[in-house]
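Student: Can we go through a structure together? I'd like to ask about it as I look.

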There are 2 protein chains.
Amino acid sequence: MLRPTSFDVAERAGVSQSTVSRALRNSPGVNAETRARVAAAARELGYVVDRHASSLRLKSSETIALVTICRPGEDRSAINPFYFALLGSIAAATSARGFNLLVSFQESAANFRADFVASGLADAMIVIGTTSNRTAWDFFAEAQAAGLGFTCWGSPGDPFHWMRSDNGIGGRLAAEHLIAGGRRRLAFIGPQRSPQRQFDERRDGFTAAATARGVTPILAEPPAASDRHAQGVAAARDLLARHPDVDGIFAASDMLALGVLQGLKETGRSVPGDVALIGFDGIRAGTLADPALTTLEPDLDAAGEALVAMALEDTGFRRSGTRIPVRLVARGSA
Amino acid sequence: MLRPTSFDVAERAGVSQSTVSRALRNSPGVNAETRARVAAAARELGYVVDRHASSLRLKSSETIALVTICRPGEDRSAINPFYFALLGSIAAATSARGFNLLVSFQESAANFRADFVASGLADAMIVIGTTSNRTAWDFFAEAQAAGLGFTCWGSPGDPFHWMRSDNGIGGRLAAEHLIAGGRRRLAFIGPQRSPQRQFDERRDGFTAAATARGVTPILAEPPAASDRHAQGVAAARDLLARHPDVDGIFAASDMLALGVLQGLKETGRSVPGDVALIGFDGIRAGTLADPALTTLEPDLDAAGEALVAMALEDTGFRRSGTRIPVRLVARGSA
DNA sequence: CTGTCCCGTCAAAGCGGTTTCCTGCGTGAC
DNA sequence: GTCACGCAGGAAACCGCTTTGACGGGACAG
């Protein structure tokens, strides 16, 4: 018998099929003895509830769709590892609720696949990989036109549900840490106008805290390059050429910071001896760098949990713009 | 109207519901003009096929379940980035076939969730994250007891479907590259008895090729430590203490190699000046190291495609033990 | 002894598609 | 003019589960 149905279980347990359903779902109105008999029959037959039949009837699939937006033509191994970490924490949060996670990577504006909710496959959709990603705006536009709802990591603004790292606090912590370490010639390296303002927030928090302590940071826009790492290398070279006495750098992201680190070494600077360096995101690769990268690490467990909760519209997370707490992890570089 | 059904489309197009189904699935026996009218009606109503109803009837969900096995209690950010890369390529392969991907991380042998196929949620299951992971064997045992079928990245042996990197060739390429670079005092750093023999294969390929060229490598088992990176650091120290004249190292994986790199630097060795270093896996972090890590990179696109094909039992992939080609990517470290 | 209530169970009606079976009608052969 | 044929499309069965509504029988009150 291929895949026993609830009718098979019913026959074996000597009850009706509806009783099987009630017994297995712990619905009320089933005698304890009957319930046990059904459970035994189900176990013996290796019965597993058909999720399609169940979801069809219940109109709920207990599944969340996770869409990760990539740059067009981007090799998947080039995706910022931060998003893989976020994926992992979202998976943990869904799994903790007994939900399934449907994962999809999308890189082309041409054929976005976003009907996961409309087709019933998922109860809600989460979108990540959007920060400073132009493709993301195409996706937002498509979604809005289609009346699609989702929860998003980033700052797309209304009418979407979204949240992000507490970038402002992160920037402040970076400034405080560098200054507490005796650094006074500070610089921020990062995009000066990011589509979703995530980097702007980091910069502004950094600048405000530094200024309050009498230091005015240099703001350096990284030159165009193939990826963040390459941008970081070039940005470090440029910056040190123009401001050789910089002694503390806050980079807008870890990938950028790892590039900056390499650029600093190439120009003969020692880290943290000559220049202290702080990144943002807490990616694993930062711990492997030499020296290990000091960084601002968002609480990913909280982020995953909050994204899932907001997606499922649990109370307390309906308001967009929630900030995920960030802590400074001091390692070798600063 | 919440979620139009095919009946709504039928009414609007002035045809029966069964014709709508036929028209939208491109089944034969529908007049071209009628087909167009149905398509228009569907578009106007924003109709999307309910995947549960469809899957229920078709007994196929066009979905693949991907289970990633983690070490118990392991933080998800500690998962070897290689598996995230593999996840990405599997996602690409499923997406290319119009399939969905259900992702699940499992860390405890106690409550494995593996009924994705039995419940109809997925048509097939792929398991990764098993290499040198003890938890994996619990999973295999459970699966076998439950008569569960799946395709696996690793070498669990019969009765499972599985494939892995062409480890032997990789080992040989590493030896050849080091020797071609003038290295003669070679060492292999890695587990000497790995549960699935993946590392053994790398070692044996390395040793055989080196021996054929008159070089007998030192074999170094890394000491126990919190993770592969830490193991690498310690292994490098140990090795150089006992064999100060080693000038070429092949590490069993990139994570290990990155640790070895750090260990080498700490003991004052320059890389590749004093010691050349090669890793295995082609992870992104290797490109960020200083110097960038020379590595053996499996063709991940091929791996993802082959895993999906084997899982769906496409012809030509039924035989377990398929080897995914590996190429040597020469970067700074060797 | 009869009427009422409640508990446990069952039959059956969906959920929204896909597909089989069948009918109606236009075409061409004889 | 009649008949066979084939195409387009409709009615209905069915996928496996959840849940409503109905029912039988035992307990209890009157």
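Tutor: What follows is a short chat about the contacts with one DNA strand.

Tutor: This is a predicted model, where local features need pLDDT of at least 70 and side-chain atom pairs count only at pLDDT 80 or more, while totals for chains, interfaces and linings use all residues. Residues are numbered from 1 along each chain as its sequence is written, chains are lettered from A and ligands numbered from 1 in the order in which they are written, and side-chain values use heavy atoms, with hydrogens and water left out.

Student: Which residues come nearest to DNA strand D?

Tutor: A:Gln17, A:Ser21, A:Tyr47, A:Arg57 and B:Thr34, out of 27 residues around the strand. A residue counts as near if one of its heavy atoms lies within 4 Å of the strand.

Student: And how much of the strand's side of that is sugar and phosphate?

Tutor: Sugar and phosphate make up 60% of the atoms of DNA strand D that come within 4 Å of the protein.

Student: Where does the side chain of B:Thr19 reach?

Tutor: One of its polar atoms lies 2.6 Å from a phosphate oxygen of DNA strand D. B:Ser16 also has a polar side-chain atom by a phosphate oxygen, at 2.7 Å. For B:Ser18, the partner is a base nitrogen, 3.4 Å away. A polar contact here is a pair of N or O atoms within 3.5 Å.

Student: New topic. Which helix gives the most to the surface near DNA strand D?

Tutor: H4(A), with 5 residues. Helices are DSSP runs of H or I, at least four residues, numbered from the N terminus.

Note on methods: A polar contact is a pair of N or O atoms within 3.5 Å; within protein, one must be able to donate a hydrogen and the other to accept it, and residues adjacent in sequence count only if both atoms are side-chain atoms. Helices (H or I, at least four residues) and strands (E, at least two) are DSSP runs, numbered from the N terminus.
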